[in-house]
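This note is addressed to a colleague who is meeting the structure for the first time. Its points are numbered so that each may be read beside the sequence and the coordinates.

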Amino acid sequence: MNAYYGNSHVPFDLDLEVAENEVVAPLGHNGAGRTTTLRSVTGTAPRREGTTAYQGTSIENRSVDRISNTGI
Ligand SMILES: Nc1ncnc2c1ncn2[C@@H]1O[C@H](COP(=O)(O)OP(=O)(O)O)[C@@H](O)[C@H]1O
Ligand SMILES: [Mg+2]
């Protein structure tokens, strides 16, 4: 996954898989891209590229409310 705010490119080539019942805690300094990563997953980042799947089904082209309805 890649996301952009204008010329700012964060996160850069993120590849993340979270298993059922697994907890992942992203660490980093302010501006590292934690919030933008979650916004990209939920479809609320301004511009993003890449694929996002939930339980094996692609969700990146769904509306925000439909992504929310998956339970994310
Ligand atoms: N509203 C915004 N407008 C412009 N750039 C932003 C905005 N929010 C975040 N960014 C850019 O995205 C980067 C990642 O920010 P963010 O995801 O909020 O990081 P974190 O949550 O790890 O502190 C920032 O360093 C900044 O360059
Ligand atoms: Mg944040």
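Which strands are included in what covers the buried residues of helix 1? The points below lead to the answer, beginning with the model as a whole.

1. The structure is a predicted model. The protein contains 2 helices and 5 strands, and these follow one another along the sequence in the pattern β-β-α-β-β-β-α.

2. On overall dimensions, the C-alpha trace spans about 30 × 25 × 15 Å along its principal axes. The radius of gyration of the protein is 12 Å, which agrees with the value near 11 Å that a compact globule of 72 residues would have. Buried residues account for 10% of the 72 residues; a residue counts as buried if 20 or more other C-beta atoms lie within 10 Å of its own. Of the contacts between residues at least 6 apart in sequence, 40% join residues at least 24 apart.

3. Three of the strands deserve attention together. An open sheet is formed by 3 strands in the order 2-1-3, with antiparallel pairing. Strand 2 (8–9) and strand 3 (47–49) are at the edges of this sheet; each has a single partner strand, so one side of each is left without a neighbour there.

4. The pairings can be followed residue by residue. Strand 1, residues 2–5, is paired with strand 2 in the antiparallel sense over 2 bridges, and Tyr5 has Ser8 as its bridge partner in strand 2. Strand 1 is joined to strand 3 by 3 bridges, again with the strands running antiparallel; here Tyr4 has Arg47 as its bridge partner. In the hairpin of strand 1 and strand 2, there are 2 residues between the strands, and Gly6 takes a positive phi near 60 degrees.

5. The opening question can now be answered. Helix 1 has Thr36, Thr37 and Ser40 as its buried residues. Viewed down the helix axis, these buried residues fall within an arc of 105 degrees, so they line one face of helix 1. What covers them includes strand 1 and strand 3. Just after helix 1, Gly43 has a positive phi of about 80 degrees.

6. The loop between strand 2 and helix 1 holds several points worth checking. Pro11 lies in this loop, and the peptide bond leading to Pro11 from Val10 is cis, with omega near -5 degrees. Asp13 is in the loop between strand 2 and helix 1 as well. Although Asp13 is not a glycine, its phi is positive, at about 50 degrees. Most residues other than glycine have a negative phi, and most peptide bonds are trans.

7. Is Asp13 buried or exposed? Asp13 has 9 other C-beta atoms within 10 Å and is therefore exposed, the limit for that class being 12 or fewer. Ala32, which is found in the loop between strand 2 and helix 1, has 13 C-beta neighbours inside 10 Å and so counts as partly exposed. Ala32 and Pro11 are 21 residues apart in sequence, yet their C-alpha atoms are 7.5 Å apart in space.

8. A further backbone feature should be noted at Gln55, which lies in the loop between strand 4 (53–54) and strand 5 (57–58). Gln55 is not a glycine, but its phi is positive, at about 50 degrees. It has 8 C-beta neighbours inside 10 Å and therefore counts as exposed.

9. Which residues are around ligand 1? They are Tyr5, Ser8, Val10, Gly28, Asn30, Gly31, Ala32, Gly33, Arg34, Thr35 and Thr36. By class, this shell has 3 nonpolar, 7 polar and 1 charged residues. Helix 1 (residues 34–42) provides the largest share of the shell, 3 residues.

10. Several residues in the shell around ligand 1 recur from the earlier points. Tyr5 and Ser8 are among the residues around the ligand, and Ser8 in strand 2 is the bridge partner of Tyr5. Val10 is likewise in the shell and stands before the cis peptide bond to Pro11. Thr36 is another member of the shell, and it is one of the buried residues of helix 1.

Notes:
Residues numbered from 1 in each chain as written. Chains lettered and ligands numbered in written order. Predicted model: local features only at pLDDT ≥ 70, side-chain atom pairs only at ≥ 80, totals over all residues. Pairing = 2+ DSSP bridges. Helix = DSSP H or I, 4+ residues; strand = E, 2+ residues; numbered from the N terminus. Near = placed C-beta within 6 Å. Nonpolar A, V, L, I, M, F, W, Y, C, P; charged D, E, K, R; others polar. Rg over C-alpha atoms; globule rule 2.2 N^0.38 Å. Contact = placed C-beta atoms within 7 Å. Arc of directions from axis to C-beta.
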